[in-house]
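Thanks for making the time this morning. I would like to walk you through one structure, starting with the vocabulary that the first helix I discuss depends on.

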Amino acid sequence: MDVLSHALESYTSVRFDAKPAPQDPTKRPAFCGSNPISDVWCEQALELVGRYLRRAVMNGRDLEARYHMALASTSAGTGFGNAGTHLPHANAYPSQAPSRTTGPRATPRCRWCRTPGRVVHAAAVFRWTYLGDPGRHLRAAELLAGQTFTKTDGAEALATCSAS
């Protein structure tokens with residue numbers, strides 16, 4: 001699910017050229033938003049996830065599916081390393097907070113705990129962000145589902161694909 005989350009969030013993040021550029025180049029943010037380089041990697045990751053995630057989950061011995069999911073993971077990492085992530089990641093942080101943060105019974109923070117939080121929030125986020133760039137959301141749904149979507153399908157296209 002990390003691969004799916006990273007690729008979708010990077011692909012649907014605000015475009016790099018839609019944000020004001022800082023006058024001082026040293027003030028540029030590490031994550032600049034979706035861009036032509038991150039798009040190549042995220043599109044590859046989304047297509048591979050759509051084709052191989054279910055197979056890899058249903059049969060851990062399916063080496064072809066596992067190989068392609070490893071490739072998707074690398075692609076998504078390269079994509080989000082350039083573009084960054086957005087709301088599903090931010091929404092997951094409060095839901096991962098441990099009940100105890102100090103003392104002998106402290107619950108250690110675990111980066112894996114964020115994944116369920118991202119998945120729970122993702123469909124609602126993509127319904128909300130759809131209006132910001134309908135074309136990107138529909139394209140992401142197409143890459144995942146391997147079928148064509150139109151504006152008639154609207155915000156439900158990616159929300160449904162990302163949740164199933």
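When I call a residue buried, I mean that its relative accessible area is under 20%, whereas exposed means over 50% and partly exposed covers what lies in between. With that in hand, please look at helix α6, residues 134–145, where nine of the 12 residues are buried, so that the helix is largely enclosed by the rest of the structure. The buried residues of α6 are P134, R136, H137, L138, A140, A141, E142, L143 and L144, and you will notice that the list includes R136 and E142, both of which I will come back to. As for the geometry, the end C-alpha atoms of α6 are 16 Å apart, which agrees with the 16 Å that 12 residues should span at 1.5 Å a residue. After α6 comes G146, whose phi is positive, near 70 degrees.

Let me step back to the whole chain. This is a predicted model, with an average pLDDT of 84 and 79% of the residues scoring at least 70. The confidence varies by element: α2 has the highest mean pLDDT, 96, while helix α4, residues 87–96, has the lowest, 62. Where pLDDT is low, the predicted coordinates should not be read in detail. The protein contains seven helices and zero strands, which gives the pattern α-α-α-α-α-α-α when it is read along the sequence. Of its 164 residues, 41% are buried.

Now to the charged contacts. Side chains of opposite charge can pair when their charged atoms come close. The structure holds eight salt bridges, and I will take some of them in turn, beginning in the helix we have just left. There, E142 and R139 meet through their side chains at 3.8 Å, N to O; for a salt bridge the cut-off on that distance is 4 Å. The two residues are three apart in helix α6, and are therefore separated by about one helical turn. An α-helix has 3.6 residues a turn, so residues three or four places apart point the same way. Of the two partners, E142 is among the buried residues of α6, while R139, at 34% relative accessibility, counts as partly exposed.

Which residues are linked with R136 in a network of salt bridges? They are R15, D17 and D39, and R136 itself is one of the residues that are buried in α6.

A further salt bridge joins E156 and R127, at 2.7 Å, N to O. This pair links distant parts of the chain, since E156 is in helix α7, residues 156–163, and R127 is in helix α5, residues 114–129, with their positions 29 residues apart in sequence. Both ends are partly exposed by the numbers, E156 at 38% relative accessibility and R127 at 37%.

D62 and R55 form another salt bridge, with N to O at 2.8 Å. Here D62 is buried, with a relative accessible area of 15%, and R55 is partly exposed at 33%. R55 also gives us a way into helix α3, where M69 is placed: M69 and R55 are 14 residues apart in sequence, and their C-alpha atoms are 9.7 Å apart in space. M69 is buried, at 13% relative accessible area. A56, which lies in helix α2, is likewise buried, at 18%, and its C-alpha atom is separated by 5.5 Å from that of R66, 10 residues away along the chain.

How many aromatic pairs does a search of the whole structure find? It finds one. The rings of F31 and F80 have their centres 6.5 Å apart and their planes at 55 degrees, so the pair counts as tilted. It links distant parts of the chain, 49 residues apart, with F31 in the loop between α1 and α2, and F80 in helix α3, residues 63–83. F31 is partly exposed, with a relative accessible area of 40%, and F80 is partly exposed too, at 23%.

Finally, the surface. I37, V40 and W41 make a nonpolar patch of about 280 Å², and I37 is placed in helix α2, residues 36–58, the element with the highest mean pLDDT.

Technical notes:
Residues numbered from 1 in each chain as written. Predicted model: local features only at pLDDT ≥ 70, side-chain atom pairs only at ≥ 80, totals over all residues. Heavy atoms only, no water. Patch = residues over 30% accessible without salt bridge, like charges linked within 9 Å, V, L, I, M, F, W, Y side chains within 5 Å. Areas by Shrake-Rupley, 256 points an atom, 1.4 Å probe, with all protein chains shown as cover. Helix = DSSP H or I, 4+ residues; strand = E, 2+ residues; numbered from the N terminus. pLDDT = per-residue confidence, 0-100. Expected span 1.5 Å × (residues − 1). Buried < 20%, exposed > 50% of the residue type's maximum accessible area, 1.4 Å probe, protein only. Phe/Tyr/Trp six-rings, centres within 6.5 Å; stacked < 30°, edge-to-face > 60°.
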